[in-house]
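Colleague: I should like to learn how to read a structural model. Would you take me through its features in order?

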Amino acid sequence: MNPVFILARMTFVQAVRRRIVLTGLLLGLCFLIVFSIGFHMINTRSFVPPNSAEATGIQHIYDAEKASGLFLAGMYAVTFLGIAMAALLGADTLAGEINSGTIQVIVTKPIRRSDVVFGKWLGFAGLLGLYLLLLEGGVTLSILLQSGYVAPHLAAGLALIYMESLLIMTVAMACSSRFSALATGGIVFGLYGLSFIGGWIEQIGAVLNSPTAVQVGIITSLIIPSESLWRRASYEMQSPLSGLLGISPFGASSVPSLLMVAYAVLYLLAVLALTIRIFHRRDL
Amino acid sequence: MSLAPAVETYELSKTFGQNIAVKSLTLQIQQGEVFGFLGPNGAGKTTSIKMLVGLITPTSGRAALLGAPLGQRSLRARIGFLPEHFRFQDWLTAREFLTLHGQLFGMERRRLQARVDELLERVGLSDFRDKAIVTFSKGMLQRIGLAQALLNQPALVFLDEPTSGLDPVGRILVRDIIRELRTQGTCVFLNSHLLSEIEVTCDRVAFISHGEVIRLLELASLDTGQLTVSLRVSGLTAETAAGLSPWAEAIQLDGNHLTLKAHDEAALPEINQYLVTHAVAVYEIVPRRVSLEELFIQTVGRDGGL
């Protein structure tokens with residue numbers, strides 16, 4: 001069998017045996033229960049006076065907007081949980097194994113060091129995929145069953161959220177090949193914070209018509225394009241009306257272009273290549 | 001056709017910033033040889049092994065294992081390695097752990113399964129095959145680590161302190177395994193500071209200090225080497241004692257106790273005869289070989305090369 005798959009499977013088994021999967025599942029279920037109850041409580045309340053003349057026409061629009069807003073709020077939380085999981089998985093992997101020495105009996109086998117990086121990356125990508133599928137699927141299904149609402153461009157949006165977590169995981173692995181797990185966690189969350197605040201500056205700049213603020217946002221997106229993936233995802237999945245309502249953390253007023261999405265893909269590949277290079281040269 | 005040396009290094013060195021870990025390592029070890037690498041803590045033993053197994057890139061110099069340059073991937077399929085401070089994937093059971101490493105060696109499934117069972121039996125862990133490694137004692141970890149290093153039936157195996165943490169039974173097990181490996185023609189590179197361990201298992205040793213080999217020694221030559229002899233006698237004068245010089249040196253008489261360094265074992269009966277003919281009563285003759293420990297202290301110094 002190819003060593004990449006052997007190591008990917010090992011990474012997966014490790015996550016299962018170390019109860020990372022169980023913890024993720026339980027907390028994910030808790031999140032879904034809380035979300036579903038919350039959605040139920042809001043969904044059953046009407047914002048339009050029941051006897052008003054425009055009730056029937058507007059009610060429908062209100063319901064759809066309410067479901068759309070709550071769907072994006074749920075996805076926003078899912079995105080953050082995905083990022084946290086990605087950062088934690090990626091931060092400990094190489095740094096932890098270099099520190100403990102388990103890596104020594106792996107890399108002295110007749111395999112390439114890049115096999116180790118690819119194998120772990122693939123294992124984590126699978127884990128993150130399952131985790132996000134549970135959370136994203138749960139939120140989508142909960143809203144669908146309770147209100148019948150399905151967001152537009154769902155597949156594209158969910159894929160972008162998955163890609164954001166992959167990006168963060170890859171950056172964490174790159175740092176982890178050079179720094180300790182703790183330092184890696186600090187760097188990754190620092191970068192995430194940077195992209196987060198950059199995204200906000202860009203959004204506010206777009207609403208206030210400030211091209212400079214938008215530029216600042218774009219520059220931070222070039223440093224780390226994670227937040228722009230979320231904003232593209234929310235743009236894809238928002239209802240046409242909520243796009244017009246302006247600024248909210250769950251929507252997008254300045255929309256990252258498809259070029260930015262392509263940049264994020266290249267960014268991820270470049271960081272992965274960098275990880276391999278650092279790990280290949282490192283004394284273990 | 002002569003076999004390529006198992007290990008061949010030429011002026012191999014490694015510096016970490018200002019710190020010279022290995023200065024200039026030049027060695028040649030033949031296939032099938034059991035080679036001991038001796039030195040005080042911090043002498044560069046582990047760094048040397050790590051360079052040879054490809055964990056650390058040498059700063060300068062060159063090296064080849066089994067005739068192939070360091071870093072060649074196919075070469076690593078013929079090498080086994082037990083690191084010093086190892087931690088393993090402890091969420092796996094003993095059998096899963098060995099299977100994983102066998103797969104990484106690229107071993108075919110059938111052969112691997114048979115080999116895993118055979119090795120678990122050999123290191124005495126058959127009863128624990130389905131127990132998670134996290135529950136293992138240090139000695140059991142050392143055993144499973146050793147099994148891991150032998151999975152691929154290597155032509156050359158590096159064991160870095162294989163008996164640390166082992167009880168006497170475990171040590172005897174390791175010693176026996178090393179002897180078996182020698183009979184099978186496997187070259188063993190043994191890194192240890194347990195001199196008695198090295199003394200009974202190795203063909204040849206290198207003393208290393210400050211990252212340099214300062215002495216190479218055939219352990220077989222220790223058997224025919226100088227003997228320190230202590231004698232309990234009465235009626236011996238200094239003049240008669242001085243007459244022992246054809247067979248010995250460093251002759252010291254202290255009351256009824258005589259110590260000397262005999263040139264070889266054959267000198268002992270002659271010394272005895274000389275003393276008897278000079279009317280000296282001999283109560284005791286105790287020959288003692290120069291131990292590896294004495295040689296180590298002589299070579300590296302009491303400060304341990306610090």
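Modeller: The following conversation takes up confidence, chain B, a helix pair, the contact between chains, the cores and some single residues.

Colleague: What are the ipTM and pTM scores of the model?

Modeller: Please bear in mind that this is a predicted model. It scores ipTM 0.82 and pTM 0.84. For chain B, the mean pLDDT is 87, and 95% of the residues reach 70 or more.

Colleague: How many helices and strands are there in chain B?

Modeller: Chain B has 11 helices and 14 strands. Along the principal axes, its C-alpha atoms fill a box of roughly 75 × 45 × 40 Å. Of the 306 residues in chain B, 41% are buried. Among the contacts in chain B with a separation of 6 or more, 68% join residues 24 or more positions apart.

Colleague: Let us turn to helix packing. At what angle do the axes of helix H5 and helix H6 of chain A cross?

Modeller: In general, two packed helices are described by the angle between their axes and the distance between the axes. Here, helix H5 (residues 113–147) and helix H6 (residues 154–176) of chain A have axes that come within 10 Å and cross at roughly 145°. The crossing of H5(A) and H6(A) is right-handed.

Colleague: Which residues in H5(A) and H6(A) meet?

Modeller: On the H5(A) side they include A:Trp121, A:Phe124, A:Leu128 and A:Gly129, and on the H6(A) side they include A:Leu158, A:Ile161, A:Tyr162 and A:Met169. By class, this contact of H5(A) with H6(A) has 12 nonpolar, four polar and one charged residues.

Colleague: Why does A:Tyr162 count as buried?

Modeller: A:Tyr162 is found in helix H6 of chain A. It counts as buried because it has 22 C-beta neighbours inside 10 Å, and the cut-off is 20 or more. Not counting residues up to four places away in sequence, A:Tyr162 touches A:Gly129 and A:Leu132. Sequence separation should also be set beside distance in space: A:Tyr162 and A:Tyr149 are 13 residues apart in sequence and 22 Å apart in space, C-alpha to C-alpha.

Colleague: Which residue lies in the loop between H5 and H6 of chain A and has a positive phi although it is not a glycine?

Modeller: That residue is A:His153, in the loop between H5 and H6 of chain A. Its phi is about 45°. A:His153 is partly exposed, because 14 other C-beta atoms lie within 10 Å. In chain B, B:Leu66 likewise has a positive phi, of about 50°, although it is not a glycine. B:Leu66 is found in the loop between strand S4 (60–65) and strand S5 (68–69) of chain B. With 19 other C-beta atoms within 10 Å, B:Leu66 is partly exposed.

Colleague: Is A:Ser239 buried or exposed?

Modeller: A:Ser239 counts as buried, because it has 20 C-beta neighbours inside 10 Å. It is found in the loop between helix H9 (226–237) and helix H10 (258–281) of chain A. A:Ser239 and A:Ala64 are 175 residues apart in sequence, yet 8.2 Å apart in space, C-alpha to C-alpha. Not counting residues up to four places away in sequence, A:Ser239 touches A:Ala64, A:Glu65 and A:Ser68.

Colleague: How many residues of chain B are in contact with chain A?

Modeller: The size of an interface is often given as the accessible area lost when the parts come together. One may also count residues: 24 residues of chain B are in contact with 21 residues of chain A. On the side of chain B that touches chain A, helix H2 (73–76) and helix H3 (94–104) of chain B each supply at least two residues. The largest share of that side, four residues, comes from H3(B). By class, the side of chain B that touches chain A divides into 12 nonpolar, nine polar and three charged residues.

Colleague: Which residues touch the most other members of the largest nonpolar core?

Modeller: They are A:Ile168, A:Ala172, B:Val188 and B:Phe189, in a core of 138 residues. The largest share of this core, 15 residues, comes from helix H3 (residues 55–100) of chain A. Another core, of 13 residues, lies apart from it, and B:Leu231, B:Ala241, B:Ile271 and B:Leu275 are among its members.

Colleague: With which residues is B:Phe189 in contact, leaving aside its neighbours within four places in sequence?

Modeller: B:Phe189 is in contact with B:Val7, B:Ile29, B:Phe35, B:Phe37, B:Leu156 and B:Phe158.

Technical notes. Residues numbered from 1 in each chain as written. Chains lettered and ligands numbered in written order. Predicted model: local features only at pLDDT ≥ 70, side-chain atom pairs only at ≥ 80, totals over all residues. Axes fitted to C-alpha atoms, helices over the stretch in contact; angles between N-to-C directions. Left-handed = near helix turned anticlockwise from the far one by under 90°. Contact = placed C-beta atoms within 7 Å. Nonpolar A, V, L, I, M, F, W, Y, C, P; charged D, E, K, R; others polar. Core = buried A, V, L, I, M, F, W, Y, C linked by C-beta atoms within 7 Å. Buried ≥ 20, exposed ≤ 12 C-beta atoms within 10 Å, placed from the backbone. pLDDT = per-residue confidence, 0-100.
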